[in-house]
Amino acid sequence: QVQLVESGGGLVQPGGSLRLSCVASGSIFISISVMGWYRQAPGKQRELVATINSGGVTNYADSVKGRFTIARVNAQNTVYLQMNSLEPEDTAVYYCNSRQMSRVYWGQGTQVTVSS
């Protein structure tokens, strides 16, 4: 059984921070995968937030550059998304994504709400 399990979402005030976690299990090995975070707000398309490949190369959506950081800990088979200086526009369901060879997996999503 393969699985991506996300956690860390919640309610935070503008300017605050959250750290999302994605733990991979089964046959998913993040050390040989491209891992990513995507988000989808109500009524909007799912969009890329950040990715990190097996060599540690990262890329970010322009809207989150300088505020969000993606990182991985191979020994824990876990990918993190550190979100700082959060804005109401960051409110969305955040999804963990894994691409290992031709296999693509998605987590169940975790809600992030930025509001006063």
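**Arginines, core and strand pairing**

Student: Leaving aside its neighbours within four places in sequence, which residues is Arg67 in contact with?

Tutor: This is a predicted model, and in it Arg67 is found in the loop between strand 6 (58–60) and strand 7. Once the neighbours within four places in sequence are left aside, the contacts of Arg67 are Gln82, Met83, Asn84, Ser85, Leu86, Glu87 and Asp90.

Student: Is Arg67 buried or exposed?

Tutor: The cut-off for burial is a relative accessible area under 20%. Arg67 has a relative accessible area of 11%, so this loop residue counts as buried.

Student: Turning to Arg72, which side chain makes a polar contact with the side chain of Arg72?

Tutor: Arg72 is found in strand 7, and its contacts beyond four places in sequence include Ile30, Ile52, Asn53 and Thr78. With Asn53 the approach involves the backbone, whose oxygen lies 3.2 Å from a polar atom of the Arg72 side chain. The polar contact between side chains, at 2.8 Å, is with Asn74.

Student: Which residues touch the most other members of the largest nonpolar core, and which strand gives the largest share of this core?

Tutor: The largest nonpolar core holds 29 residues, and those that touch the most other members are Trp37, Leu81, Met83 and Tyr94. Among the elements that give two or more residues to this core are strand 4 (34–40), strand 8 (78–83) and strand 9 (92–100). The largest share, four residues, comes from strand 3.

Student: Which residues does Tyr94 touch, not counting residues up to four places away in sequence?

Tutor: Tyr94 is among the core residues that touch the most other members, so it is worth reading its contacts in full. With residues up to four places away in sequence not counted, Tyr94 touches Glu6, Leu20, Trp37, Tyr38, Arg39, Val49, Phe68, Leu81, Met83, Gly109, Thr110 and Val112.

Student: How many residues apart in sequence are the parts that the pair of Tyr38 and Trp106 ties together?

Tutor: The aromatic pair of Tyr38 and Trp106 is edge-to-face, with 5.1 Å centre to centre and 65° between the planes. Because Tyr38 lies in strand 4 and Trp106 in strand 10 (residues 103–106), the pair ties together parts whose separation in sequence is 68 residues.

Student: The charged end of which residue sits over the ring of Trp106?

Tutor: Trp106 has a relative accessibility of 38%, so Trp106 counts as partly exposed. The charged end over its ring lies 4.7 Å from the ring centre, and the residue that supplies this charged end also lies over the face of Tyr95, at 3.8 Å from that ring centre. The residue is Arg46.

Student: Why is strand 9 largely enclosed by the rest of the structure, and how many bridges does strand 9 form with strand 4?

Tutor: Strand 9 is largely enclosed because seven of its nine residues are buried. Strand 9 pairs in the antiparallel sense with strand 11 over three bridges, where Val93 has Gln111 as its bridge partner, and in the antiparallel sense with strand 4, where Val34 has Arg99 as its bridge partner. The pairing of strand 9 with strand 4 runs over seven bridges.

Student: In the hairpin of strand 9 and strand 10, which residue takes a positive phi?

Tutor: Strand 9 and strand 10 pair in the antiparallel sense over four bridges, and Arg99 stands opposite Val104 in strand 10. The hairpin has two residues between the strands, and the residue with a positive phi, near 55°, is Met101.

Terms used. Residues are numbered from 1 along each chain as its sequence is written. This is a predicted model: local features need pLDDT of at least 70, side-chain atom pairs count only at pLDDT 80 or more; totals for chains, interfaces and linings use all residues. Side-chain values use heavy atoms; hydrogens and water are left out. A nonpolar core is a set of buried Ala, Val, Leu, Ile, Met, Phe, Trp, Tyr and Cys residues joined through side-chain atoms within 4.5 Å. Buried means under 20% relative accessible area, exposed over 50%, partly exposed in between (1.4 Å probe, protein chains only). Contact means heavy atoms within 4.5 Å. Rings of Phe, Tyr and Trp (its six-membered ring) pair if their centres lie within 6.5 Å; planes under 30 degrees apart count as stacked, over 60 as edge-to-face and the rest as tilted. A charge sits over a ring if NZ of Lys or CZ of Arg is within 6 Å of the ring centre and within 35 degrees of the ring normal. A polar contact is a pair of N or O atoms within 3.5 Å; within protein, one must be able to donate a hydrogen and the other to accept it, and residues adjacent in sequence count only if both atoms are side-chain atoms. Two strands pair if DSSP finds at least two bridges between them.
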